[in-house]
Each structure stands twice: as C-alpha cells, then as structure tokens.
Amino acid sequence: MIVILQTVLFIVLTASAGYFAFKGYYRVYKNIMLGNKKQSFTDQPSQRVKNMLLVALGQKKMFKNITPAILHVFIYVGFTITQIELIEIFIDGFTGHHRILYHAIENISFLRSFYVFVISLIEVLSLFVLFATVCFLARRWVLRVPRLNKPELKGWPIKDATIILLAELYLLTCIFSMNTGDMALHNGEYGFLVSGWLMPLLSGFSHTTIHVIERLGWWGHIFGVFGFLVYLPYSKHLHILLAFPNTYFGRLTPKGYIANMPEITKEINLMMNPEAAAVAPAATSDEPVKFGARDVFDLSWKNLLDAYSCTECGRCSAACPANLTGKKLSPRKIMMDTRDRLEEVGRGIEANKGVWKEDGKSLIENGYITVEELRACTTCNACVEECPVMISPLDIIVQLRRNLIMEDSNAPAEWTGMFANMENNGAPWQFSQQDRLNWEKG
C-alpha cells in the first residue's frame, strides 16, 4: 500500500512540476517573441552549429578567465553527468521499485561493474561540484570579487545567485544521503566509491533511521530537482538552457560592423539618385517609420533572447572602458534593465488578457536605461568580445541611441555640430569639401 501511495505521490508531483515549469518557460518564450522579427538569423547553419558546440557546450569563451572557468566546468560537467542517476530515480518513482536498473543487470557482471563505475563517477564529480560551489559562495561573500558586487546586483540579483548555489549544496547533500544510506542498508553491496567512504558516519544508527535518511535523500533530491525546474524561468540561471539557442542565433558579422537602417539607406539612395525617386514604389503602410528602438517592442527577438540569456557574470562591464573610467555605463545593467522592462511589459499584457495597454513608460529612462549611460558607450565591442554566451549589449545601446538622436533630436551639442559638418561638408570638421586634403600639402 505504501509503495502505491509513493508512486501516486510521485506521479502527482511530476505532473504538477511539469505544469508550473511549462507555464514559466512559455511565459519567457512569449516575452521574447514580443520583439520584432525583421532580422533573420538562419544563414550559415554550419557555422552556427559550430558556435553552439564550442561556446555553449564547450565553454570556449569562459577560459579567458581561468580560475572561475575551471570552477564553472566542475559545476557544468557535474550537473550534466549527475542527471544520469536521475533517470533511474524517475524509473523507480514511476514503477515503485528500488534501484530497478541495478537489479535488472546485477547478474550480468560487466554491466553491473559499469553501473557501479557510473554512479561512482557521479559521486566523484559531485565532490568537485561541492568544492566549486563553496568557492563561488566565497567569491561572492568572503572575497567579494568586485564585478560580483556592483550596484546593479543589489537586491534580487545577488539573492538569486545565492539561492542557486545553496540549492546546489542541498541537492548534493540529498545525493550523498541517498547513496550512503542505500549502501549502509545493503552492507556496501553496491560498491559506490564516495558513499563507501561515508558509510562509517551511519554506523551508530539503527536500520530504521538509516532507511529514513535514505528516503529523505531520495525524496529531497526529487523535490530539489522539480523546484529547480520551476524556479529556473524566474532566475538568471535560465542561461543554462538559453545559452544554446543564443549562441546558435548569434551574429556572424564582424564585431565592428554596425548595420545601416534600411529607411535611412533608402532616403540617401533617393537623394543621390533623384531620377530614381520618380519611379520609386509608394509606401504600402500607413504606419510611421520608427528609427532605432525606444521600448522592448522595437528591439529584435534576438535582443530579447540576449536579455534572458545574460548570466550576470559582469565580464562585459569589467572590460568596458567607459565603466573602468567611472562612467555610469554598465553593459551588464543594460541587459538586466532590458529583461526587467520586458518582464514588466509581459505582466502588463497578461493582466490585460493578452492586450498591451501603454503604461507611459519605455526602456529609456523611467528607472531603466538613462541617456547618460547610452552616451558613455564608445562602441568598442569589448563587452561583445567578453560575453561567454555571445550576447551583444552594444546592439541594444546603438538602437536606443539612434532613437534618441533621430526621433527626439536628443544629442550633445558636440555631436550635433559633427552631424551638421558631415551633412554639409562630408567630414566631421568645419571646412569645405574642396579643402579636405589640404593637410597633406607641404
């Protein structure tokens, strides 16, 4: 009877977690799709797959900073390999059996040895994960690494990072409680490596107590995994999943390339070739042309995917020359503000039953990205180069800045003078085009 109740509880728990997790991930998908879809990111598929394998799976860009890269690999590999044991846990949960895979092959020597090797490997990797998790907590709260303690991380962001690290410690405790209790109950029959070392810790406990410890570890691990899946769409750790599509759909153009606006290119072509204006097709839309971006709707869906893929690691801001010289600009904050505004818009649409009602806000100002931040950017691409998952804060900055200048005429006097000189003289300096090469005389 107890077995049946446990199986029913497991199925109900799995279905509930699946439902709430799906709601969370679907909410993120809908928010990303609020971005415009004018740009295509499907060219050069072989290069895109290569980027995904090298950057998302292979962690290539992480190794520009070797110490956190190694610690991250410990967690990344350990987290991935540990899921193998989760397969058996799920099978046990749905069937009501215990270690069903082991007992199915226990009389086949080489398969049993392979099973023990895999579980022992998972346990050893879990020790590395334990070490890395403690190191990451120390980096945040003891060493207080500067890029992990910036103003934009105060409040929820730093709590979010700590919650995940503590959750990892919780899951590791459950894994070792489960395996060590199991080993003690079966007199070391399984032969797991680390659990074998830990067995003496349970030597003074009764059989019933050890069984309770093993069950608490098993159920605790399940609750932890399901809780993690439900929590992930609300955490910066969503990059665990989104790093793969984000690197696949990353820009393949040279980093220094800044795309022209088709509307401007069209106007310039007509100015340079007035004869073409007579035969130019009439506009087919009554919607006014918008230059640059003012809110999340104006950004591409890839920009919004970038925002959700941000790991908040701060490598972009640590490399930003504007940030290093004391300017307000932080590329990490640009991505966090974009995501926060997108979340606000998503909640507004949900509250109005799928319809967006203007709230009088935008991504520029209103507690989000300030004009001062946008003007501080030198478009050097340091942030793009440093990002471990191929995010481009610069693309968002350029689009917002274009909107300020072309829609609001909001530019410093120095910029306005330069624009006028370029328009009238074909150069940033105030002299006629005929004198442009005078500098080389003599």
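Mentor: A residue counts as buried when its relative accessible area is under 20%, as exposed when that area is over 50%, and as partly exposed in between. Please also keep in mind that the model in front of us is predicted.

Trainee: With that in hand, how many of the residues of H12 are buried?

Mentor: Helix H12 covers residues 301–309, and its buried residues include Trp-301, Leu-304 and Tyr-308 as well as Lys-302 and Asp-306. The helix is described as mostly covered, and the count of its buried residues is nine of nine.

Trainee: Which helices are included in what covers the buried residues of H12?

Mentor: The cover has to be sought in elements with heavy atoms within 4.5 Å, since that is what contact means here. One of these elements is H1, a helix that runs over residues 2–32. Taken together, the cover of the buried residues in H12 includes H1, helix H9 (239–248), H15 and H18.

Trainee: Are H1 and H12 roughly parallel or oblique to each other?

Mentor: The two helices pack with their axes 8 Å apart and at an angle of about 140 degrees. An angle has to be over 145 degrees to count as roughly antiparallel, and the roughly perpendicular range is 65 to 115 degrees. The angle of H1 and H12 therefore puts the pair in the class called oblique.

Trainee: Which residues in H12 are met by residues in H1?

Mentor: On the side of H1, the residues taking part are Arg-27, Val-28, Asn-31 and Ile-32. By class, this contact of H1 with H12 brings together six nonpolar residues, one polar and one charged. The partners in H12 are Trp-301, Leu-304, Leu-305 and Tyr-308.

Trainee: Turning to the inner spaces, what volume does the largest cavity have?

Mentor: The structure holds three cavities of 30 Å³ or more. The largest of them is lined by 15 residues, with Cys-310, Cys-313, Cys-316, Cys-387 and Ile-391 nearest its centre, and the elements giving two or more residues to this lining are helix H13 (315–319) and helix H15 (331–351). That lining divides into ten nonpolar, two polar and three charged residues. The space in the largest cavity comes to about 100 Å³.

Trainee: How many charged residues are in the lining of the second largest cavity?

Mentor: The second largest cavity has a volume of about 80 Å³, and among its 14 lining residues Cys-320, Leu-329, Cys-377, Cys-380 and Cys-383 lie nearest its centre. Two or more lining residues come from each of helix H14 (321–324), helix H17 (382–386) and helix H18 (393–408). By class the lining has eleven nonpolar and three polar residues, and the number of charged ones is none.

Trainee: Is Pro-331 buried or exposed?

Mentor: Pro-331 is found in helix H15, and, leaving aside neighbours within four places in sequence, it is in contact with Cys-316, Ser-317, Cys-320, Cys-383 and Pro-393. Because its relative accessible area is 1%, Pro-331 counts as buried.

Trainee: And what is the relative accessible area of Trp-218?

Mentor: Trp-218 lies in helix H8, which spans residues 207–231. Not counting residues up to four places away in sequence, Trp-218 touches Phe-10, Ile-89, Asp-92, Gly-93 and Met-178. This tryptophan is classed as buried because its relative accessible area is 6%.

Trainee: Why does the phi of Arg-144 deserve a remark?

Mentor: Most residues other than glycine have a negative phi. Arg-144, placed in the loop between helix H5 (109–141) and helix H6 (156–185), is partly exposed, with a relative accessible area of 43%. Its phi, in a residue other than glycine, is a positive value, near 50 degrees.

Trainee: Is Asn-187 buried or exposed?

Mentor: Asn-187 sits in the loop between H6 and helix H7 (193–198), and it has a positive phi of about 55 degrees although it is not a glycine. Because its relative accessibility is 71%, Asn-187 counts as exposed.

Trainee: Which residues is Glu-189 in contact with, leaving aside its neighbours within four places in sequence?

Mentor: Glu-189 is placed in the loop between H6 and H7, and its relative accessibility of 39% makes it partly exposed. Its C-alpha atom is separated by 66 Å from that of Glu-358, 169 residues apart along the chain. With those sequence neighbours left aside, the contacts of Glu-189 are Tyr-102 and Glu-106.

Technical notes. Residues are numbered from 1 along each chain as its sequence is written. This is a predicted model: local features need pLDDT of at least 70, side-chain atom pairs count only at pLDDT 80 or more; totals for chains, interfaces and linings use all residues. Side-chain values use heavy atoms; hydrogens and water are left out. Helices (H or I, at least four residues) and strands (E, at least two) are DSSP runs, numbered from the N terminus. Buried means under 20% relative accessible area, exposed over 50%, partly exposed in between (1.4 Å probe, protein chains only). Axes are lines fitted to C-alpha atoms, for helices over the stretch in contact, and angles run from 0 to 180 degrees between N-to-C directions. Angles under 35 degrees count as roughly parallel, over 145 as roughly antiparallel, 65 to 115 as roughly perpendicular and the rest as oblique. Ala, Val, Leu, Ile, Met, Phe, Trp, Tyr, Cys and Pro count as nonpolar, Asp, Glu, Lys and Arg as charged, and the others, Gly among them, as polar. On a 1 Å grid over the protein atoms alone, a cavity is a set of points where a 1.4 Å probe fits but cannot get out, and a pocket is an open set with protein on both sides within 12 Å along at least five of seven lines; lining residues have an atom within 4 Å of a point. Grid points are joined across faces, edges and corners, and a volume is the space filled by probe spheres set on the points.
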